[in-house]
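This report describes a strand with its pairing partners, and then two pockets. The structure is a predicted model.

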Amino acid sequence: MTLTEQLIRYVRAKPIDEADLRAAALYVLDAIANAVAGRASGPGRIMADWAAQAGRDAGREAFFLGGIIHSLETDDLHRASVVHPGCAVVPVIVALGRRNGMAGRALLTATLRGFEACCRVGMAVGPAHYRIWHNTATCGPYGSAMAAADLLGLDDGKAMHALGNAGTQSAGLWQFLDTGAMSKHLHAGRAAEAGLVAAELAARGFTGAPAILEGAKGFFAGACPDARPEALLANPDDPWQLRQTSIKPWPSCRHTHPLVDAALEAHAALRGRSIAAVTVTTYPAALAVCDRPRPESEYEAKFSLYHCAAAALGDGEVGFGSFDEEARRRLAGLSDKVTVRVGEPFASNYPKAWGTRVEIQTADGGLVAAERLVCKGDPEMPLDAAQMVAKAGHLMAFGGLEDKAARTLIDGILAMADDGPLPKIDES
């Protein structure tokens, strides 16, 4: 069997219990709440305007939802694969669930399987892939195809063709970071759309490459110089990858979160003392993606270790208002005092754990330090159900949804674990 065939069989044979389904409902909630909030972002408004003109089949709906889920940098993140699985998988659940009137448990089962597929492919691509390629864009299509194949009732053979044609659409380059272009949201939307369309075609007999992963001209050969194919099916008795996916408490790049978590602790310990200098020690990928000493836009600020450190240390909180022009101007002086370097144990721990240490020299000669080997929202320090519901409510309020409507939507999504229907979701 090819690796794709083995992955499909593994995913479909993995047992699912009640706790898995309830966890999946919370991750669906997080993704949909991000979609509601994402409508209020600049990229979200552009995509909504496009969607209103273009019309909606299931593929376009998945594309639109994927893009707006990923537009505020508050959606989930799987550390070991560096994939945001929710923006690739949940749009398929919504688009097909709405069109086909599917029940909650079937949708949540497909969610678990979709997360598993894209995260396992992501764990196999190797670290060199991430230097050029955006893993959500390249690995996400495998997850959306797996979820769609499940919901469309494809047998293993047709599911293989779906993943084969999803994988051949893998694309998404980091070049957008140089200018803060909006491409990242396009990546998420295309990841969702590619797998759904590939599965719909497979249902009609449209074939894909069986060895799309390991073939001589396949994904690993073309885009993964140090691929680790053995990681695809490693540790089969591990919990579902969905349950090993981090939930973001702060609206910035996930690489900034260990820093934010540690800096918030340090802020409390400073007790108002003046800051002379700040040293941040982290892992190479964080510096590669977030080395922006003077961000010139809101989006760049969300990818700046310097600005995020200044926001957490200066304000004692990091929220949607922490990255706008006024905040960047107000915090620029403190940001200039931040130095970032790579060091241990954080470099060696990555990507299994994402950690950071913050050291603050105070103007009176004191030293305040805090570090995180993992941080709030990680599987080791998870948000509980109440905290995830509270986050969803905050996101929905940011997106303009009234309290009563938000509560109804939240309750409806959580009821999917009891086989309730997909609640009505209005993306207008």
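## Strand β3 and its two faces

In strand β3, which spans residues 356-362, one face is covered and the other is uncovered. Thr356, Val358, Ile360 and Thr362 make up the covered face, while Arg357, Glu359 and Gln361 make up the uncovered one.

## Pairing partners of β3

Strand β1 (residues 275-282) runs antiparallel to β3 and is joined to β3 by six bridges. In this pairing, Arg357 of β3, a residue of the uncovered face, stands opposite Thr281.

Strand β4 (residues 367-372) also pairs with β3 in the antiparallel sense, over six bridges. Here Thr356, from the covered face, stands opposite Arg372 in β4. The hairpin of β3 and β4 has four residues between the strands, and Gly365 in this hairpin takes a positive phi near 90°.

## The largest pocket

The volume of the largest pocket is about 450 Å³. Its lining consists of 16 residues; Ala80, Met123, Asn235, Gln244 and Lys352 are those that lie nearest the centre. By class, the lining comprises six nonpolar, four polar and six charged residues.

## The second largest pocket

The second largest pocket holds about 290 Å³ of space and is lined by 16 residues. Nearest its centre lie Gly126, Pro127, Tyr130, Ala285 and Tyr350. Two or more residues of this lining are given by each of the elements α7 (127-132) and α13 (284-290).

The lining of the second largest pocket divides into 10 nonpolar, four polar and two charged residues.

Conventions:
Residues are numbered from 1 along each chain as its sequence is written. This is a predicted model: local features need pLDDT of at least 70, side-chain atom pairs count only at pLDDT 80 or more; totals for chains, interfaces and linings use all residues. Side-chain values use heavy atoms; hydrogens and water are left out. Buried means under 20% relative accessible area, exposed over 50%, partly exposed in between (1.4 Å probe, protein chains only). Two strands pair if DSSP finds at least two bridges between them. On a 1 Å grid over the protein atoms alone, a cavity is a set of points where a 1.4 Å probe fits but cannot get out, and a pocket is an open set with protein on both sides within 12 Å along at least five of seven lines; lining residues have an atom within 4 Å of a point. Grid points are joined across faces, edges and corners, and a volume is the space filled by probe spheres set on the points. Ala, Val, Leu, Ile, Met, Phe, Trp, Tyr, Cys and Pro count as nonpolar, Asp, Glu, Lys and Arg as charged, and the others, Gly among them, as polar.
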